[in-house]
Amino acid sequence: MTVLTRRSVLRSSLALGAAGALARPYVANAAATTAEVWFAQGFAKEEDASFIKMVAEYEKASGNKIDYSLIPFAPLRQKEVSAIQSGVVPDIMEAADLEFPALNSWDDKLLDVSDIVETQKKDFVPIAVDSCFLYNGVTKKRGYYMVPMKISGWPFHIWRSLVEKGGAKIEDLPKTWDAFLDFFKPVQDNLRKQGMRNIYAYGYQLTANGVDPIATYNAFMIAYGGKNLVTPDGRFNAGDPQVRAAAAKALERLTTPFKEGYVPPSCLNWNDADDNNAFHSKLMVMDFDGTISTEVAVYDKKEDYNDIVTMGLPLGNDGKPLTNQIIAFGPVIPKGAKNIPAAKEFLKYAVQPKVLNEYLKGGLGRWMVPIPEIAKSDPFWLVEDPHRKAYTELTLLGQTMPIYEVYNPAIAQVNGEHLFSVAMFDVMKEGMAPEQAIDKAFKRAEEIFAKYPIQQA
């Protein structure tokens, strides 16, 4: 694991004189003007460079210092949970998964950051702001416990060259959900006939590890009519026949290709980065994965970068647009932080539209800027690059809804236990019928939701 810190960056700089000039004020003003910050390390070096540049510009403008660590996202999850449990926390932590903000706001472990959110609320897309308005189980009220900085949807990533080698054309992709997905099976079959023995149609995350299998399952369930699994008032909607049918159908459509040999067997043990790596090695024709990390990771390999086709969601089977579940990520200030004024000042600076846009652009647009007017006016997002164009249209301009954790943190525990991944294993490994596996998962989910009552305003 490589962790980039302010100190390591300064040590490795060839401009030792400049490094010393930056480092000396840090010591002199540490108690009053320094904030300790943990952020997720990027998939591409440009993401980290852009964060470091933003920090340097803030330090120059403010005279304050940011003592940062950029940590790979999986270890960051573990580090943040340990910090909250021990009470030894930094001043700012970037949320590294879907569950962390919702569960810790419920437990009253996070500081309300409404004063930061309000400074830019009018400019941000509502779903980004609403996704930070979380329920506190101690105060029995909602508040802003995360600062919206990044949003993402779940696009498709496709190798054009493999599709064409498999005898098909990207332009012939069907427009509706099931037909779109089924398009890739004969592509695999034709590639196998040509001697490509280790090629698969799909890169589905069918593991019980990380964020990806949760978001993948949710997208499939929503596509089959199950968007109301958790209602906006925080209720687990297990009694709705349409939701149950959609949940079972999602299981069937994800597990059947695995059983038929169209998904790599290794997917059962993947982490969130493994499908990216498998896609880059051309183990599969299509991947379904959040952000455009898949693309930005090969940004310098232009042949590969230009060979990837990024696509939003097809239409539903009824020919109507599908709802895309949006994930908002951003920093939180944990209770116990020692330098709250410095932390808030940095975050108020970072979420200014111009500053935030330059930061996310510097990271190659892996994360979507949550400000519609900027996305529409800055050609970077909708004009200059086909990957970013498709991603922007999906994430910022399409039909959207928040993740279920916004409605009730109980679903965070459900996903922490990976109940729907376990249901997939029950189908794939135990031979259980999808409906039976869903009955089992729903029963446990109802037990969890009973522990998280939401009082309505």
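This is a short tour of one sheet and two pockets in a predicted model.

Before you start, note that numbering runs from 1 along each chain as its sequence is written. In this predicted model, local features need pLDDT of at least 70, while totals for linings use all residues.

**Stop one: the sheet.** Select strands E9, E10, E8 and E11, which in that order form an open sheet with mixed pairing. Strands here are DSSP runs of E with at least two residues, and helices are runs of H or I with at least four, numbered from the N terminus; two strands pair if DSSP finds at least two bridges between them. At the edges, pairing on one side only, are E9 (200-202) and E11 (308-311).

Now zoom in on E9 and E10 (residues 284-288), which run parallel and are joined by two bridges. Here Tyr200 sits opposite Met284 of E10.

**Stop two: the largest pocket.** Show Gly312, Leu313, Pro314, Glu393 and Leu394, the nearest to its centre among 22 lining residues. A pocket is an open set of points on a 1 Å grid over the protein atoms alone, where a 1.4 Å probe fits, with protein on both sides within 12 Å along at least five of seven lines; lining residues have an atom within 4 Å of a point. Two or more lining residues come from each of E11 and helix H21 (386-395), and H21 gives the most, with five.

**Stop three: the second largest pocket.** Of its 14 lining residues, select Asp97, Glu99, Ala412, Asn415 and Gly416, the closest to its centre. Then add helices H5 (73-86), H6 (99-106) and H22 (410-416), the elements giving two or more residues to this lining.

Key: Predicted model: local features only at pLDDT ≥ 70, side-chain atom pairs only at ≥ 80, totals over all residues. Heavy atoms only, no water.
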